[in-house]
Amino acid sequence: MAGVRASFGVTGDDAWLWGWDATPAIVSVHADDRGEAHIWRRPGGGSLVHETARFRPWALLATLDDLEASGVPFAHVDNAAEGPPVGSPDIAVQTLRGPGALRHIVSATRWRTLEAAVCRGASQRLGRRLTRLQQLPPGERHVLPPDEQYLVATGRTYFRDLTFAQLHRLQFDLETTGLDPTQHRIFLIAVRAPDGRVRCLEATGDDDAAEVALLRRFVKVVRALDPDVIENHNLHGFDLPFVRTRAKRLGVPLHLGRLDGVPLLERAAQRGARSERDTERRVRVVIPGRECIDTLDAVRRYDFAVRELPGHGLKAVARHFGLAGPDRERIPGDRIHAVWRTDPDRVRRYATADVVEVEGLARLLGGAAFALARMAPRRYERLADAGPATGVIDPMLVRAYVHAGHALPAHEEGDGTVHVGAALHLFTAGVATRVVKADVASLYPSLMRAFRIGPRRDALGALLFLVDRLVDQRLDAKARGRAAPPGSDERFTLEAVSAAMKLLVNSAYGYLAAGGGLTRFADVHAANEVTRRGRETLHVMCRELAARGTTLVEADTDGVFFAVPEHWTEADERRVVAEVDALLPPLVRLEFDGRYAAMLSHEPKNYALRAYDGTLTLRGVAFRSSRAEPFGEQFLREAIAHLLAGDVAAVRAAYLRTVDALHAGAVPTVHVAARVRLRKSPDAYARVRATRREFPYEAMLAAGRDDWEAWQRVRVYRTPTGGAVIDEIDGDVDAAHDPRDYDRAYYIALLRRTFVTRLARAFTPDDFARVFADPGQLPLFDSDLASVRPVATAIPEAWAALQ
DNA sequence: TTGTCGCGGGG
DNA sequence: GTGTACGCGACAA
């Protein structure tokens, strides 16, 4: 199944990583059941080239019994991609080497031919009528979508020799009268052209005719600009399904793609919108010839690793990354249409900001998917929303096996062995000073490489091979990226490649551990061996660090926090890390990751760090949570800063100040309010109100508001008589609205109950009671606090386990 | 109370 | 035409 074999730079085993066909600058692929592939290329970033090619649709089968039983003739060949010799039957079979169950590549001129033949035989064998190959038992077939059949068979990938900047990318954003395309209309579409120009297409009225005209213009504009990529935030969850439904209802043909006469198509996608036909199915819209990229996917993929975004909405993310200008127009979602009627310019500015920010966001976070598309045999848009293990590594392994002429194992359920994860130890709770963090970068892939732990059924050793190559090539890409001029295309590309490779390397273990037969080569025993070695490594790190005079605080998976003696210098700290590093297996490198003046260790994975320059870092749900009332978070930050600076009197002062401020109503209203999302409509809540009252809705009603929309986000807070509400615009509130009518006693109690308690580990029970005694209680003098010192408490079980 | 499901986003 | 996780709230049992 070699297809066009390499006669160019990419040869040999690198084919497993990069494919083997050097065709440059593919920007989109569309293939169909009839064996026709359309390839759009943009060589050198210049003008677009549209090529068509024939390919033989193919599938992997475990048995030829069905084909034989069907009576349909077929020929054995050496290469199913090339097909049978002249005069032979249309159906060709290439039999693969090795122990895997899926050992026959069956191909034909058209998909229907091979599907019909196999299904005829299989229907007899299984005693039920089969019409689709997918109806065969899962272990007996592997069927790819046509685009992927084409890419695997040819060894082609997207974007060879092309930079991200050379892609023609268009962003569009709908403004609608509401969220439901069966009830609401589109009245404006902002379009940002690949050259950066933005225009707003607008409906000239609020009837069908005006919307029809708008949709027609939109189609015309997109076709004229002819972008390779279409981007927006929640493109697949909102804009594309919305525009499709509107077009259907209004009878407007939506020929947005590059193939004349081919309308929008669908593909199954776990995170797609519900299909209109079958609400069980989730689908995403496909525009043949263009790649539809949703920046929400990129944001989720980013935050999955980093966990620092306040939310995943466009406005919040754009602000977080500094993509939003200071005068960014903001309008609450449910007011956009009303504003449009009175101040259309405002809506134009708003929509324009949206597409401009989406462009920036796509560039900022889209590099990894772009680079993945150069490696894996899938469409760019699919790689942008795929999970790295099942969505990227698995297809690469399938391509490697097929290319090597090796049979693939079928998916296999585990044998019931449970997967055991990483180690997590809390050695010390409370306040520690002179703290060092040391960790092993990429612990699991390093262990896989060091001890050659790979899937048992991976006869070719392809996964370990890929990890080895990815680690090497990533180091190379990183180094070259650093050498490239800042801001250059080359640097962007190399950094993107490096990011993509890191993603893959770190997913290799997840690939092994994926349960329930998720990945083809999943192997719980191998995964357990990786985590066992990981726990062992962590144990060695802890034991050896402790043996060198440090005090362990917390150890988690691949990293350790430990405190060092008073007189140690940074050089001493680095020395012990290096000493322990020398005891670890080859390829497993313990690195010095940071040093801190003090640490509050609350619970596993919940701690605060004070750097030597005073910078405070809070980690874990105990210290940061989107739902927490801001006054409480502010108090915690302040109190912990003083605590870690060793100033207990200031901790008490912060407490007293907060209590006083609440008592006097000096805390701004918005600082006591919690963010909530109203999911129930007023009617829906009215129906359940008798049986169960929920505070946010009660607050709305108490405020005399019974007209909210489901999904609306508001801030709510307690008043002495019930609740009250503050409106939110893209995560912000109107600062001028500040009635200070909150229930002061309630919030003082809340301060104690949920925030002060998070400092309990820092003191002995007596001292804790002293530091946080009620202001109105016994008079308390500074001298009472002078003797109070933050404490650290050893957790005996954790230390005992070290032996 | 406990377990399961679905959400996160878009106007 | 498969398949991310994590924490949380809603709902059913």
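1. Of the contacts in chain A with a sequence separation of 6 or more, 65% are made between residues 24 or more positions apart. The model is a predicted one, and the points below should be read with that in mind. The secondary structure of chain A amounts to 26 helices and 27 strands, and 52% of its 803 residues are buried.

2. On overall dimensions, the C-alpha trace of chain A spans about 105 × 75 × 60 Å along its principal axes. The radius of gyration is 31 Å, which agrees with the value near 28 Å that a compact globule of 803 residues would have.

3. The helix pair α13 (residues 388-404) and α15 (residues 462-483) deserves a look, since the axes of the two helices come within 10 Å and cross at roughly 115 degrees. Angles of 65 to 115 degrees count as roughly perpendicular, and α13 and α15 are therefore described as roughly perpendicular to each other. The crossing of α13 and α15 is right-handed. On the α13 side the contact is formed by I393, M396, L397 and Y401, which meet A462, L463 and L466 of α15. Sorted by class, this contact of α13 with α15 holds seven nonpolar residues, with no polar and no charged ones.

4. Helix α15 also meets α14 (443-450), and here the axes come within 10 Å and cross at roughly 120 degrees. The pair α14 and α15 is therefore classed as oblique, and α14 passes α15 in a left-handed crossing. From α14, the residues P445, M448 and R449 meet L463, L464, V467, D468, V471 and D472 in α15. By class, the residues of this contact divide into six nonpolar, no polar and three charged. L463 of α15 appears both in the contact with α13 and in the contact with α14.

5. A further partner of α14 is helix α17 (residues 524-547), and these two pack at an angle of about 110 degrees with their axes 9 Å apart. The helices α14 and α17 are therefore roughly perpendicular to each other. In this contact L443, Y444, L447 and M448 of α14 meet V530, T531, R533, G534 and T537 of α17, and the classes are five nonpolar, three polar and one charged. M448 takes part in the contact of α14 with α17 and also in that of α14 with α15.

6. Which residues outside glycine carry a positive phi, and where do they sit? A25 has a positive phi of about 65 degrees although it is not a glycine, and A25 is located in the loop between α1 (15-18) and β1 (26-31). With a relative accessibility of 1%, A25 counts as buried. R452, likewise not a glycine, has a positive phi of about 50 degrees, and R452 lies in the loop between α14 and α15. R452 has a relative accessible area of 45% and is partly exposed. A reader checking the backbone may wish to look at both sites, A25 and R452.

7. Is the acidic residue E357, found in helix α10 (residues 344-365), buried or exposed? At 4% relative accessibility, E357 counts as buried. Leaving out residues up to four places away in sequence, E357 touches L314, A318, L323, A324 and R328.

8. E544 belongs to helix α17, the helix that packs with α14. E544 has a relative accessibility of 16%, and because buried means under 20%, E544 counts as buried. Apart from neighbours within four places in sequence, E544 is in contact with V580 and L583. The C-alpha atoms of E544 and V577 are 9.5 Å apart in space, with these positions 33 residues apart in sequence numbering.

9. D647 is placed in the loop between α19 (630-644) and α20 (648-664). At 34% relative accessibility, D647 counts as partly exposed. The C-alpha atoms of D647 and E529 are separated by 47 Å, and the two residues are 118 residues apart along the chain.

Definitions and conventions. Residues are numbered from 1 along each chain as its sequence is written. Chains are lettered from A and ligands numbered from 1 in the order in which they are written. This is a predicted model: local features need pLDDT of at least 70, side-chain atom pairs count only at pLDDT 80 or more; totals for chains, interfaces and linings use all residues. Side-chain values use heavy atoms; hydrogens and water are left out. Axes are lines fitted to C-alpha atoms, for helices over the stretch in contact, and angles run from 0 to 180 degrees between N-to-C directions. Helices (H or I, at least four residues) and strands (E, at least two) are DSSP runs, numbered from the N terminus. Angles under 35 degrees count as roughly parallel, over 145 as roughly antiparallel, 65 to 115 as roughly perpendicular and the rest as oblique. A crossing is left-handed if the near helix is turned anticlockwise from the far one by less than a right angle, and right-handed if clockwise. Contact means heavy atoms within 4.5 Å. Ala, Val, Leu, Ile, Met, Phe, Trp, Tyr, Cys and Pro count as nonpolar, Asp, Glu, Lys and Arg as charged, and the others, Gly among them, as polar. The radius of gyration is taken over C-alpha atoms; the globule rule is 2.2 Å times the number of residues to the power 0.38. Buried means under 20% relative accessible area, exposed over 50%, partly exposed in between (1.4 Å probe, protein chains only).
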